[in-house]
Amino acid sequence: MLRERDILATLRMLREENLDVRAVTLGINLDDCADRDIRTVARALRAKIGRVAANLVDVCEDLTATYGIAIVNKRIAVSPISRLLEGHGGDAAMLLGEALDEAAAAVRVDLIGGFTALVHKGITPGERLLIESLPRVLSTTRRVCASVNIGTTRAGIQVDAVNLVSATILRIAAASASSQGFGAAKLVVFANAPEDNPFMAGAFLGCGEAETVINVGVSGPGVVKRAIERRLADAPESTLDDLAETVKHTAYRVTRAGELIAREAANRLGIPFGIVDLSLAPTPRVGDSVGEIYQAMGIDKLGAPGTTAAVALLNDAVKKGGAFASSSVGGLSGAFIPVMEDHALSDAVSKGWLTLEKLEAMTAVCSVGLDMILLPGDTPAETIAGLILDEAAIGVTNNKTTAVRVIPVPGKSTGDRVDFGGLFGSGTIAKVNCPDGAQRFIRRGGRIPAPLRGLGN
Amino acid sequence: MEKEVKFVMSILVADHPGIMCAITSAITDQGGNINGIRQTVVEGYFSIILTATFAAAASAEALHAAVTANFPPGEAAIVVRPYAPVAPDGAITGGTTYILVIAGPDRPGILRAATGCLARHGVNIEDWSYHFDGPQVTYIGVLTVPRDVAVAAMREALGATLSPLGITCSLQHENIFRATSEIGPVKSILEGRYAT
């Protein structure tokens, strides 16, 4: 029998604390669309996405009506498109990018991920074609999101791929200069990319996944923040382990709501349920910020010494609560720190409290990496490569996912403001220390060998 | 096997310790076995509804007299009726459980408005509770909604009925509350099983 206080607690989370399901992501394997004729491939993938995802949005809207929980984003993640490009050339990648964009629009999905290449151990012709097409694809399509995996704990870091992608990021930004380099916000460079991530821009359907699958990303930074505030109001002398316990219990409830929606969506679509991603994903709205959680814990200036410990505490407690809540936890499952998408983090960067170096330290203990960070437009490719290599080193060495999503904004310099609007938020161009201080190291290329941890067998 | 009779009984009495013992003792002394029971206290008044099975010779009058005898004269209002196993015409025999929460400043007419809307949609109220916080009142209703009722339209009708009274309402499938409050697997909740 439900208790009154449980009902009211859940209702408060839903109505006042921004508890929602951040993304219901439908994974679709497109490998059976392969053909010698690229136009046949494009037709086949349009048809398959249209058929499998036809009811995705309607089902999600019906679930929102039934359960009273908002499903913010309905999205699609497809198997890596680079596999469909093998044996093709010319405009093949652009053609498939356009086909994905149109297919997503036809089923009323705002973003589609999987314009992806997994190059952590080497680059095939199809993967190179995909990476080289990114400036055109990401600047001319609206919904297509791309990702490139450049390292794993088992393979090490493919520095040649990092250099290629870094130069490509500058070309993407230049190609989308009219939208302040926004195209680069749709590309994530991963180390240890998860195959079941429901969050954009890095979602794709991995090689080990089913033909179709429903993965769900929950959210709830506002819920966690309010739980901490209530705890401190009730017991002002609470210690950090008390706060960790509060976060853990809150994460449990948030995760359960996510699994309920995931299973219901999967049942109604006749598609297997995959995973629930526990990640606390902020939006630019006040009250929906991960940075505000750290502030509620007592970090008054985000970036101050102690911030990394607060991130570690939060990330660990979220995982512990989520792991008990569901046996199907996957994806990234941590606390995101996407600077532009979180007003508290963005504010800390603009005040100079939160630096790139501190963000990098924070990413060692949370998911995912240097995310949604604005760089000066004249940042050298080698500097971007250095940022990617540093993040990849953290991920590969610690056997965790890390990623980089940076936007070099054409014509902008350190301290300038940029506003992408909507969920992508606004921010200040970050300062890069010693931007040309490691170029000789980075230009050597090759591969950084796998760490000893990768030889675990 | 000996034939049995079943009665449904309700009792209203000013609350004090020992009421449940007085009622269940009378039933046991009459050879009865309690099958279903629900009890609550509102504003100092104890109320209970229960069903119990007796040997065929038992009568509603005898049971009424036995329970009455365990209270001071005139203290308890007691109703005993033969149990009718078949639901009367119009009763819901199947449906989906929803939770209705309505809240706002207390004033006359809130419940009439809300329950009138529910009745027009054929919704059965299974349980109803309240909570006051100063002048603010919150009502929580557990509802059985017939499967052919358009929930979105009913939610809209409730909102249209209650918002002129300054009252907010939410209507959600019970599983969102069960999933976030219970520890059993979500899969079990969706399959209609209760956590062990």
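**Exercise 1. The nonpolar core**

Which residues does A:Leu96 touch, not counting residues up to four places away in sequence?

Solution. The model is predicted.
Step 1. List the contacts: A:Leu96 touches A:Val41, A:Ala42 and A:Leu45, and also A:Ile81, A:Leu84 and A:Leu85.
Step 2. Place A:Leu96 in its core. The largest nonpolar core has 187 residues, and A:Leu96, A:Ile150, A:Ile214 and A:Ile261 touch the most other members.
Step 3. Find the main contributor: H9(A) gives this core its largest share, 11 residues.
Step 4. Note that another core, of 11 residues, lies apart from it, with B:Met9, B:Ala52, B:Leu63 and B:Val67 among its members.

**Exercise 2. Classifying A:Ala9**

Decide which class A:Ala9 falls in: buried, partly exposed or exposed.

Solution.
Step 1. Locate the residue: A:Ala9 is in helix H1 of chain A.
Step 2. Apply the cut-offs. Buried requires 20 or more other C-beta atoms within 10 Å, and exposed requires 12 or fewer.
Step 3. A:Ala9 has 17 other C-beta atoms within 10 Å, so it is partly exposed.
Step 4. For a distance along the chain, take A:Ala304: it is 295 residues from A:Ala9, and their C-alpha atoms are separated by 33 Å.

**Exercise 3. Helix H8 of chain A**

Compare the span of helix H8 of chain A with the expected span, and state what its buried residues pack against.

Solution.
Step 1. H8(A) covers residues 221–234, which is 14 residues.
Step 2. From first C-alpha to last, H8(A) reaches 20 Å, close to the 20 Å expected at 1.5 Å a residue.
Step 3. The buried residues of H8(A) include A:Pro221, A:Val224, A:Arg226 and A:Ile228.
Step 4. These buried residues pack against helices H1 (4–16), H9 (240–269) and H10 (290–297) of chain A.

**Exercise 4. Strand pairing in chain A**

State how strand S7 (residues 212–218) of chain A pairs with S8(A).

Solution.
Step 1. Three bridges join the two strands, which run parallel.
Step 2. A:Ile214 stands opposite A:Phe273 in S8(A).
Step 3. S8(A), residues 273–277, is mostly covered: five of its five residues are buried.

**Exercise 5. Two sheets of chain B**

Give the strand order, edges and twist of each four-stranded open sheet in chain B.

Solution.
Step 1. One sheet has the order S2-S3-S1-S4 with antiparallel pairing. Its edge strands are S2 (33–42) and S4 (77–82), each pairing on one side only. The twist averages 10 degrees from one strand to the next.
Step 2. Within this sheet, six bridges join S1 (residues 4–14) to S4(B), and B:Val8 has B:Arg81 as its bridge partner. Helix H2 (residues 60–68) of chain B lies across S1 and S4, at about 155 degrees to S4(B).
Step 3. The other sheet has the order S6-S7-S5-S8, again antiparallel. S6 and S8 of chain B are its edge strands. The twist here averages 15 degrees from one strand to the next.
Step 4. Nine bridges join S6(B) to S7 (residues 136–145) of chain B; in S7(B), B:Thr144 is the bridge partner of B:Asn124.

**Exercise 6. The contact between the chains**

Describe the side of chain B that touches chain A.

Solution.
Step 1. Chain B brings 21 residues to the contact and chain A 19 residues.
Step 2. Elements of chain B that each supply at least two residues include strand S5 (96–105), helix H4 (151–162) and helix H6 (186–190).
Step 3. H5(B) gives the most to this side, with eight residues.
Step 4. By type, the residues on this side of chain B are 10 nonpolar, eight polar and three charged.

Technical notes: Residues are numbered from 1 along each chain as its sequence is written. Chains are lettered from A and ligands numbered from 1 in the order in which they are written. This is a predicted model: local features need pLDDT of at least 70, side-chain atom pairs count only at pLDDT 80 or more; totals for chains, interfaces and linings use all residues. Two residues are in contact if their C-beta atoms, placed from the backbone, lie within 7 Å. Ala, Val, Leu, Ile, Met, Phe, Trp, Tyr, Cys and Pro count as nonpolar, Asp, Glu, Lys and Arg as charged, and the others, Gly among them, as polar. The expected span of a helix is 1.5 Å times one less than its number of residues. A nonpolar core is a set of buried Ala, Val, Leu, Ile, Met, Phe, Trp, Tyr and Cys residues joined through C-beta atoms within 7 Å. Two strands pair if DSSP finds at least two bridges between them. Axes are lines fitted to C-alpha atoms, for helices over the stretch in contact, and angles run from 0 to 180 degrees between N-to-C directions.
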